[in-house]
Structures are given as structure tokens and as C-alpha cells.
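Here are some friendly notes to read alongside the model. Keep the 3D view open and look up each residue as you reach it.

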Amino acid sequence: MNFKNIDYVSKRKVFFTISGFIQIIGIIAILVFGFNLGVDFQGGTRLDVLVGETFAEQDVRAELQTVGLTPGTIETAGNQKERAAVRFTEALSKEQVASAKTALTEKYGEQVDIEESSVDPMMARELVRQAIYAVGLASLGIIIYLTIRFEYRFAVTGVLALLHDAFAVIAVFSIFKIEVDLTFIAAILTIVGYSINDTIVTFDRIRENLPRYKVKGMEDLEKVVNVSIQETIVRSLNTVITVLFASVALLIFGGESIRNFALALTVGLVFGMYSSIFIAAQLWLDWKGKELFKKRPLTNNEAS
């Protein structure tokens, strides 16, 4: 397929409809399913238990209850389902963790190993605030930079596109009830950086092409955007495919501790590529076009 011969701009309403549909599904999923928040964001203790053999969740729960512990959830993990992620809504003491290990060792043998991570509820609320600040500050910095480097329309549409990507990842995690922890926030910030970088490549080409065309109407502006996308799409595809190789490798071979990060990154990269090509520049096109051609003809200075 020759991507340089496709008319991307004429189909922008289809792309907007697809994105709108994705956002609506995401909103419904969040309202219905909510989030599977890890201990990083709701406090408590998580025990990552290497059981070493096939086990039944109810047996692990029963063993822990014998030492006075009541798990909230128990999830299997590992390629052979030999691991258990046990979550408690309250932070466990060292003595309670030791009691849990003793009980499970007596049940499953000496190969049992436990990794503990505990977060105080107050600290969890602080982490939520810091995560929101991080995403907000990143978006503000991008808007300021793009406004100075290009113009405010590029800044706003670029941020809308990256929020579109971040929300799509959030929706996927909500629909499939995948645990949201600090690595998820790291992935979102990585996606934000990657998505805007890919979008800027197209924006920069639009800015370069504007003076080369005598833009007198909406059709001329559409041609500028279409040509700019055609000139940059191969580079965008090559870049994202290369990065996807790395993220998929992390997803397959990276282990449990970074699996959610790799999954969020992989999903975000795909949506980032989509929005850079089909959403960001075309939102700018509609906005710029409405302002320039709504009431009066375009002058050469405005076009550039």
C-alpha cells in the first residue's frame, strides 16, 4: 500500500466519529467498572507470593485466615500460574507478613517466597494527587512550548490528541480490570511524551508547507494538511513500529513487575500513532479553517 497517495483529510469526519465512539465506550466502562486500583493508590498491602506449584485461590485464602488475615483479592499470575497476588485493604505489620509466609510454607513447602509492598492510605491519596499534578503539569508545559514554537491552535489540538490517547489506555485498563499502579502512571507520561513528539512532526511539516501554497480557501488548506500527512506518515509508521517491537518484547519477556507498564505503553503507542495521523492535524484544520474562512477571505499573512 502506498500511504502517500491516500486522501486522509476527506475522511476526517469518519476518524472523528471513530474516536468519539472510543471515548464514549471509555466513559461508560469507567462509570460501570471503575478502576482496579493497586495499593499504590488506595493504600494497604500487596503480597506477591511465589507458590511454586498450581494452587487454588480458596486454599490460599483459607491458609491466611488461619493466622487471622483476611485478603481482599487473590489473583493468579506467572506463566505457569504459580504466583499469587494477594491484596489487603489495610497495611500489614512485619509480624503479620511473617505469619502469612509461615502458613503458606507449611501448606506448599519451602519454595514459597513472599515480596511485600505496603502503602499507607494517606500516602496513597498523596500519590493520586501527585499523579494528577504530573499529567496536568506535562500538558501545561506542552501547551506553552507549542504556543511559543508554533501557535496556540497547534498547542490545544496537540494536547487534545494526547489526552485522547491517554484516555483510550485508561479505558482499556478499566474494561479489562487491569490493576492501576505507579507503573501505569509512568506509562501514561511516556505515552504523553511520545504522542506529542509524533504529532509535532506533522505540525512542523504543515507550518513549512503553508507558505508554499497560495491558500485562498478551505480546499487549499485541506490540501496543505493532506500533503503534510502524506509526507510524514511513513516516518511516523516506521518510528512507532520500531518502538512497538521494544514494548511488545517487554510485554512478553519483561516479567510481572513491568507487565502493566508494557501493556499500557503498547496500547498507548498504537493510539498515539492513530491520533497523530488522523486526529491532531485534522482538528487543527477544522479550527483554523473556520476562523480564517468564516467571514472574510484569507490574506497571505494569515495563511502563513
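**Notes on the predicted model**

1. Let us begin with Asp-165. In this predicted model, Asp-165 counts as buried because its relative accessibility is 0%, and the cut-off for buried is under 20%. Asp-165 belongs to helix H6. Setting aside neighbours up to four places away in sequence, the residues in contact with Asp-165 are Ile-191, Ser-195, Phe-271, Gly-272 and Ser-275. It is also worth finding Val-192: this residue is 27 residues from Asp-165 in sequence, while their C-alpha atoms are 7.9 Å apart.

2. Now step back to the whole chain. How many helices and strands does the protein have? There are ten helices and six strands. Along the principal axes, the C-alpha atoms fill a box of roughly 80 × 40 × 30 Å. The radius of gyration is 24 Å, whereas a compact globule of 304 residues would have a value near 19 Å.

3. Two percentages describe the protein as a whole. Buried residues account for 45% of the 304 residues. Take the contacts between residues at least 6 apart in sequence: 78% of these join residues at least 24 apart. The pair Asp-165 and Val-192, 27 residues apart in sequence, gives you a feel for that kind of separation.

4. The largest pocket has a volume of about 690 Å³. It is lined by 25 residues, and those closest to its centre are Arg-46, Asp-48, Glu-256, Ser-257 and Asn-260. Two or more lining residues come from each of these elements: helix H2 (39-42), strand S2 (44-50), strand S3 (73-77), strand S4, strand S5 (113-119) and helix H9 (259-293). What is the lining made of, by class? It has twelve charged, seven polar and six nonpolar residues.

5. Asp-48, one of the residues closest to the centre of the largest pocket, sits in strand S2. Its side chain makes a polar contact of 2.8 Å with the side chain of Arg-46, another residue in that central group. Not counting residues up to four places away in sequence, Asp-48 touches Ala-84, Ala-85, Asp-113, Ile-114 and Glu-115.

6. Strand S4, which helps to line the largest pocket, covers residues 83-88 and contains Arg-87. Is Arg-87 buried or exposed? Arg-87 counts as buried because its relative accessibility is 8%, and buried means under 20%. A polar atom of the Arg-87 side chain lies 2.3 Å from the backbone oxygen of Leu-37. Beyond its neighbours within four places in sequence, Arg-87 has contacts that include Asn-36, Gly-38, Arg-46, Pro-71 and Glu-179. Gly-43 is 44 residues from Arg-87 along the chain, and their C-alpha atoms are separated by 10.0 Å.

7. The second largest pocket has a volume of about 400 Å³. Of its 15 lining residues, Ala-131, Ile-132, Ile-170, Phe-184 and Ile-185 lie nearest the centre. Helix H5 (121-149), helix H6 (152-175) and helix H7 (182-209) each supply at least two residues of this lining. By class, the lining has 15 nonpolar residues, with no polar and no charged ones. Set this beside the largest pocket, with its twelve charged residues.

8. There is also a closed space to look for. The structure holds one cavity of 30 Å³ or more, and about 30 Å³ of space lies in the largest cavity. Which residues line the largest cavity? They are Thr-202, Ile-229, Thr-232, Ile-233, Ser-236, Ser-276 and Ile-277. Helix H8 (218-253) and helix H9 each give two or more residues to this lining, and H8 gives the largest share, with four. The lining divides into four polar, three nonpolar and no charged residues.

9. Finally, have a look at Lys-177. This residue is in the loop between H6 and strand S6 (179-180). Lys-177 is not a glycine, although it has a positive phi of about 50 degrees. Lys-177 counts as partly exposed because its relative accessible area is 48%, a value that falls between the cut-offs of 20% for buried and 50% for exposed.

Notes
Residues are numbered from 1 along each chain as its sequence is written. This is a predicted model: local features need pLDDT of at least 70, side-chain atom pairs count only at pLDDT 80 or more; totals for chains, interfaces and linings use all residues. Side-chain values use heavy atoms; hydrogens and water are left out. Buried means under 20% relative accessible area, exposed over 50%, partly exposed in between (1.4 Å probe, protein chains only). Contact means heavy atoms within 4.5 Å. A polar contact is a pair of N or O atoms within 3.5 Å; within protein, one must be able to donate a hydrogen and the other to accept it, and residues adjacent in sequence count only if both atoms are side-chain atoms. On a 1 Å grid over the protein atoms alone, a cavity is a set of points where a 1.4 Å probe fits but cannot get out, and a pocket is an open set with protein on both sides within 12 Å along at least five of seven lines; lining residues have an atom within 4 Å of a point. Grid points are joined across faces, edges and corners, and a volume is the space filled by probe spheres set on the points. Ala, Val, Leu, Ile, Met, Phe, Trp, Tyr, Cys and Pro count as nonpolar, Asp, Glu, Lys and Arg as charged, and the others, Gly among them, as polar. The radius of gyration is taken over C-alpha atoms; the globule rule is 2.2 Å times the number of residues to the power 0.38.
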